[in-house]
Amino acid sequence: MSSVEAAERRYRAPSSELAREVLVHGPILRSVLAKRLGLSLATLTRLARPLLDDGLFVEVTEELDGAMGRPAKPLDVRAEARQFLGVKLTGDTAVAVTTDLRAAEGRRAERPLPSHELDDVVAVIVELAGELANEQEFTAIGISVGGQVSDNRVIDRAPFLGWRGVPLADAVEARLGVPVMVENDVVALAAAEHWFGLGRGFSNFAVLTVGAGVGYGLVMHDQVVSTSEAGLGLGGHFPLDPTGPLCFLGHRGCSTAMLTIPSIRAQVEVALGHPVSYAEVLEMAAAGQPVALAVLRAAGTALGRLIAAVANLAMVEHVVLAGEGLGFLDIVRGEMDAAILADRDPEAARVDVLLDPSGFISWAQGAAAIAIQRTVDTLAAGG
């Protein structure tokens, strides 16, 4: 028995594994794909044939297969073959996007939430699905929320919505008749970055998000880390500046106090004596206004310290930054970079900081990515 045959006996790669590899890494040569899955080319061809017949896979422009020495047609996913809906819920808004199989954004829409009652929230999601629908049916719907989620079905705890034990997936499925998956928003975003975004190709990396809150996600050994404590905001109160302002829970200089949009606005408003928007804070700092600039410089330093702490403790070299609050980096990137260097061992590897520029909409795309990942088995079966 050859080594390839032995590997096939140990691991009979299902079509879902094949679909995942092509989805994440395609276009990919069959020889490379066979090696990754431990399969012979004959077995790979047999597994791929139903996916090609179903229109999920396509053969792209011929390339020279260096391993085989003859022309070959790399396999790729026909991204437009399926359509998904991703929905991000906040305390007052639902934002939705349509995506293809690679979580690329299509159409988008948003609605205010009239209340936090389950029926009202479900009605808004149904309205968004109707507005964004076209002739192609949704394969699945993903919903992300800042909170704890169990079994991709039930929201165990969502402080922004005041929810505990809410069966959101069942409620939306009952109205739309489409499979629904629910996930913590940072876990969903980490999954999206891992398969389709800036973390693609990395087995280990961290995700930090800055906006209304501070989120922390982790990918280790090619898997998104998701535990029952995801959604507790465990990265949101990491101590960063002993002389900094207080957060709403009374922690001095924690990540929430130093980095979030509400805290940055509040610091500037107290100093100036009148309300300001976050956009105005950024404009003032860019123009050299002393108060706004000082607040953002402190935020830049704090973010650098948080990045260094994550890299030090999780021992990752790549950190993806995302979220709608990262506009201050255009002004204080130097402070962030200096703080990372100051808190890292001089002999440690340089931290590769990757900035996701998509802002708030990335949360909805993350929700769609969860729906894509959770339905790979169905997709591979031609469902």
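Which residues does A190 touch, not counting residues up to four places away in sequence? The close-ups below start from that question and then move through the rest of this predicted model.

**View 1. A190 in helix α7 and its surroundings.**
A190 sits in helix α7, which spans residues 185-195. Leaving aside residues up to four places away in sequence, A190 touches F205, V207, V219 and V224. Is A190 buried or exposed? With a relative accessibility of 0%, A190 counts as buried, because buried means under 20%. For a sense of scale, look also for T209: the C-alpha atoms of A190 and T209 are 10.0 Å apart, while 19 residues separate the pair in sequence.

**View 2. The open sheet that includes β12 and β15.**
Here you can follow an open sheet of 5 strands, ordered β14-β13-β12-β15-β16 and with mixed pairing. Its edge strands are β14 (223-224) and β16 (352-355), each of which pairs on one side only. Strand β12 (residues 205-210) runs parallel to its partner, strand β15 (residues 318-322), and the two are joined over 4 bridges. To find your place along this pair, start at A206, whose bridge partner in β15 is V319. Two helices can be picked out against these strands. Helix α7 lies across β12, β13 (214-220), β14 and β15, and runs at about 130° to β12. Helix α12 lies across β15 and β16, at about 160° to β16.

**View 3. The open sheet that includes β5 and β6.**
This view turns to another open sheet of 5 strands, in the order β7-β6-β5-β8-β11, again with mixed pairing. The edges are formed by β7 (105-112) and β11 (180-184), and each of these pairs on one side only. Ignoring direction, neighbouring strands of this sheet are turned by 20° against each other on average. Strand β5 (residues 83-89) and strand β6 (residues 93-99) are antiparallel partners over 6 bridges. A handy landmark in this pair is V87, with A96 as its bridge partner in β6. Helix α7 packs on the sheet as well, where it touches β5, β8 and β11, and its direction makes about 105° with that of β11. Helix α5 (residues 118-132) lies across β5, β6, β7 and β8 (138-145), running at about 145° to β7.

**View 4. Helix α11 against helix α12.**
How do the axes of these two helices cross? Helix α11 (residues 290-314) and helix α12 (residues 329-342) have axes that come within 7 Å and cross at roughly 40°. That angle makes α11 oblique to α12. The crossing of α11 and α12 is right-handed. On the α11 side, the contact includes L293, L296, R297, G300 and T301, and further along L303, G304, R305, I307 and A308. These meet L329, I331, V332, E335, M336, A339 and I340 in α12. Sorted by class, the contact of α11 with α12 holds 11 nonpolar, 3 polar and 3 charged residues.

**View 5. Helix α10 against helix α11.**
Now follow α11 to its contact with helix α10 (residues 278-286), where the two pack at an angle of about 100° with their axes 7 Å apart. The helices α10 and α11 are therefore roughly perpendicular to each other. From α10, the residues in contact are V281, L282, M284 and A285, while α11 contributes A292, L293 and L296. The contact of α10 with α11 has 7 nonpolar residues, with no polar and no charged ones. L293 and L296 are worth a second look, since both are also listed among the α11 residues that meet α12.

**View 6. Backbone details in three loops.**
Most residues other than glycine have a negative phi, and most peptide bonds are trans. Against that background, zoom in on P27, in the loop between α2 (15-25) and α3 (30-37). The peptide bond from G26 to P27 is cis, with omega near 0°. Next comes D151, in the loop between β9 (148-150) and β10 (154-157). D151 is not a glycine, yet its phi is positive, at about 60°. With a relative accessible area of 70%, D151 is exposed. The last stop is D222, in the loop between β13 and β14. Phi of D222 is also positive, near 70°, in a residue other than glycine. D222 counts as partly exposed, at 29% relative accessibility.

Technical notes
Residues numbered from 1 in each chain as written. Predicted model: local features only at pLDDT ≥ 70, side-chain atom pairs only at ≥ 80, totals over all residues. Heavy atoms only, no water. Buried < 20%, exposed > 50% of the residue type's maximum accessible area, 1.4 Å probe, protein only. Contact = heavy atoms within 4.5 Å. Axes fitted to C-alpha atoms, helices over the stretch in contact; angles between N-to-C directions. Parallel < 35°, antiparallel > 145°, perpendicular 65-115°, else oblique. Left-handed = near helix turned anticlockwise from the far one by under 90°. Nonpolar A, V, L, I, M, F, W, Y, C, P; charged D, E, K, R; others polar. Pairing = 2+ DSSP bridges.
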